[in-house]
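Visitor: I would like to understand how the empty spaces and the packed regions of this protein get their names. Could you walk me through the reasoning?

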Amino acid sequence: MTDDLLKWRSEFPILERTVYLISHSLGAMPRATFDHLHEYAEAWATRGVRAWAEGWWDMPVTVGNQVANIIGADRDTVVMHQNVSICQSLILSCLLPLKNPKRNKIVFEELNFPSVMYVYEAHARAHGLRIERVKSDDGITIPLERMLAAIDEETLLVPISHVLFKSGYLQDAKAITERAHEVGATVVLDTYQSAGTVPFSVKKLNVDFATGGSVKWLCGGPGAGYLYVRPDLIDQLEPKTTGWMAHEHPFAFETEMHYAPNITRFLHGSPAIPALYTAESGYKIINEIGVSAIREKSTRQTEKLIALAEAAGFRVTSPKDPNQRGGTITVWDENAAEITKELIRREFIVDYRPGAGVRISPHFYTKDEELELIIAEMKKIRDRREYQVTEKAGAAF
């Protein structure tokens with residue numbers, strides 16, 4: 001069958017020499033990123049400090065507007081940050097100290113990304129908050145009814161992953177948000193593993209906040225996280241994780257804080273400008289293709305991966321229902337960690353997560369033949385126990 005999205009393949013240099021199936025961790029770098037980084041260096045070299053007034057200062061919002069198109073947000077409701085941990089801390093700083101001591105519970109899934117859990121657990125110790133981790137029965141999924149039952153009138157915040165990093169399980173964010181709002185709780189949706197491969201709209205989901213990054217499916221590289229704030233909340237909140245970019249008149253250098261009357265009040269110190277330059281080329285491509293087209297191909301290829309893996313005698317641990325998974329397929333073997341190391345040595349770029357197995361993620365630039373190649377290589381390594389070669393050689397990955 002004709003795959004029109006493969007016309008973009010030539011834009012990604014690493015695809016010329018590897019079978020690259022790890023966009024759930026680090027999306028392939030677009031060729032245009034070289035030019036964008038040169039633009040940054042040229043601006044710094046030739047314009048110096050004037051570059052701030054000639055675009056740098058506005059980039060957290062102008063680049064954020066490119067993300068807004070991808071996640072279904074209004075313009076000027078997304079700002080760029082260095083990473084999700086900062087965004088989560090900033091959100092929580094808006095809600096502390098507690099207005100109602102009885103509403104002190106934070107609910108999230110036990111399969112949430114650990115870095116996010118570190119943020120909330122640290123604040124919980126300092127501010128008397130209670131953490132409720134919703135249990136998983138299989139280490140892969142979170143029962144929706146269990147999540148909904150955990151959210152009650154004592155819940156302050158529900159920071160959840162849209163797609164679970166370990167298994168690719170896609171949670172019902174709409175149902176969780178509706179339940180949270182029903183009892184007066186606030187929702188933070190982490191879209192790191194969904195933006196760029198799963199179509200959604202933060203407006204239609206009606207989440208209070210959304211955050212994520214550019215490293216993965218957006219092919220934007222590290223250091224370019226983003227924060228969405230629901231428009232009606234923007235002028236109601238005063239983040240305590242803050243800085244001069246959040247000030248209404250930052251260059252007045254006033255000694256008292258007066259928050260900006262727009263999304264910039266959710267900024268803090270000087271932004272990571274080089275990272276914003278690198279992110280733009282990936283956003284441009286994702287916006288031009290459209291996430292719906294990417295999802296259509298992803299669903300087809302992940303179903304093909306499942307069939308290939310099972311035919312080769314592997315157990316697929318990610319959800320079989322495409323409506324319950326993102327763009328990743330996880331394949332289990334008792335020696336999955338060792339198999340992964342050998343695959344990487346052979347230029348099949350994937351990774352491994354304990355309890356889930358080998359994580360494999362086709363993206364819009366992936367050929368169908370590469371799916372056949374990866375499973376065939378995994379089978380060969382398993383059957384011939386060729387992963388022992390790397391163990392004996394002491395290779396490190």
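Guide: Gladly! A search of the whole structure, which is a predicted model, finds 2 cavities of 30 Å³ or more.

Visitor: What makes a space a cavity and not a pocket?

Guide: A 1.4 Å probe fits into a cavity but cannot get out, whereas a pocket is an open set of points. About 40 Å³ of space lies in the largest cavity, and the second largest has a volume of about 30 Å³.

Visitor: Which residues line the largest cavity?

Guide: Met-80, His-81 and Gln-82 are there, together with Leu-267, His-268, Gly-269, Ser-270 and Pro-271. By class, that lining divides into 3 nonpolar, 5 polar and no charged residues.

Visitor: And which residues line the second largest cavity?

Guide: Met-80, His-81, Gln-82 and Pro-271 appear in this lining, along with Gly-223, Ala-272 and Leu-276. Here the classes are 4 nonpolar, 3 polar and no charged residues.

Visitor: How do you know that Gly-223 belongs to that lining?

Guide: A lining residue has an atom within 4 Å of a point of the space. Gly-223 is listed among the residues that line the second largest cavity, so it has such an atom.

Visitor: Let us turn to the pockets. What is the volume of the largest pocket?

Guide: The largest pocket has a volume of about 430 Å³. Of the 19 residues that line it, the closest to its centre are Cys-94, Leu-95, Lys-99, Thr-186 and Leu-237. Its lining holds 10 nonpolar, 3 polar and 6 charged residues.

Visitor: What can you tell me about the second largest pocket?

Guide: Its volume is about 280 Å³. It is lined by 18 residues, and those closest to its centre are Phe-113, Phe-165, Asp-190, Tyr-192 and Lys-216. Helix H4 (84-95) and helix H5 (114-127) each supply at least two residues of this lining. The classes here are 6 nonpolar, 8 polar and 4 charged.

Visitor: Now the packed regions. Which residues touch the most other members in the largest nonpolar core?

Guide: In this core of 62 residues, they are Phe-12, Ile-71, Tyr-283 and Phe-364. Helix H9 (residues 273-289) gives the most to the core, with 8 residues. Another core lies apart from it and has 33 residues, including Tyr-120, Ala-124, Leu-129 and Ile-263.

Visitor: What does Tyr-283 touch, leaving aside residues up to four places away in sequence?

Guide: Tyr-283 touches Val-63, Gln-66, Val-67, Ile-70, Met-80, Ser-214, Leu-218 and Ala-224.

Visitor: Why is Thr-340 called buried?

Guide: Buried means under 20% relative accessible area. Thr-340 has 4% relative accessibility, so it counts as buried. This residue is found in helix H11. Not counting residues up to four places away in sequence, Thr-340 touches Val-350, Asp-351, Tyr-352 and Val-358.

Visitor: Which residues of helix H11 are buried?

Guide: In H11 (residues 336-345), Ala-336, Ile-339, Thr-340, Glu-342 and Leu-343 are buried.

Visitor: How do you know that the buried residues of H11 line one face of the helix?

Guide: Look down the axis of H11: its buried residues fall within an arc of 165 degrees, and therefore they line one face.

Visitor: What comes just after H11?

Guide: Glu-347 is there, and it takes a positive phi of about 70 degrees.

Conventions. Residues numbered from 1 in each chain as written. Predicted model: local features only at pLDDT ≥ 70, side-chain atom pairs only at ≥ 80, totals over all residues. Heavy atoms only, no water. 1 Å grid on protein atoms, 1.4 Å probe; cavity = no way out; pocket = protein on both sides within 12 Å on 5 of 7 lines; lining within 4 Å. Points joined across faces, edges and corners; volume = space filled by probe spheres on them. Nonpolar A, V, L, I, M, F, W, Y, C, P; charged D, E, K, R; others polar. Helix = DSSP H or I, 4+ residues; strand = E, 2+ residues; numbered from the N terminus. Core = buried A, V, L, I, M, F, W, Y, C linked by side-chain atoms within 4.5 Å. Buried < 20%, exposed > 50% of the residue type's maximum accessible area, 1.4 Å probe, protein only. Contact = heavy atoms within 4.5 Å. Arc of directions from axis to C-beta.
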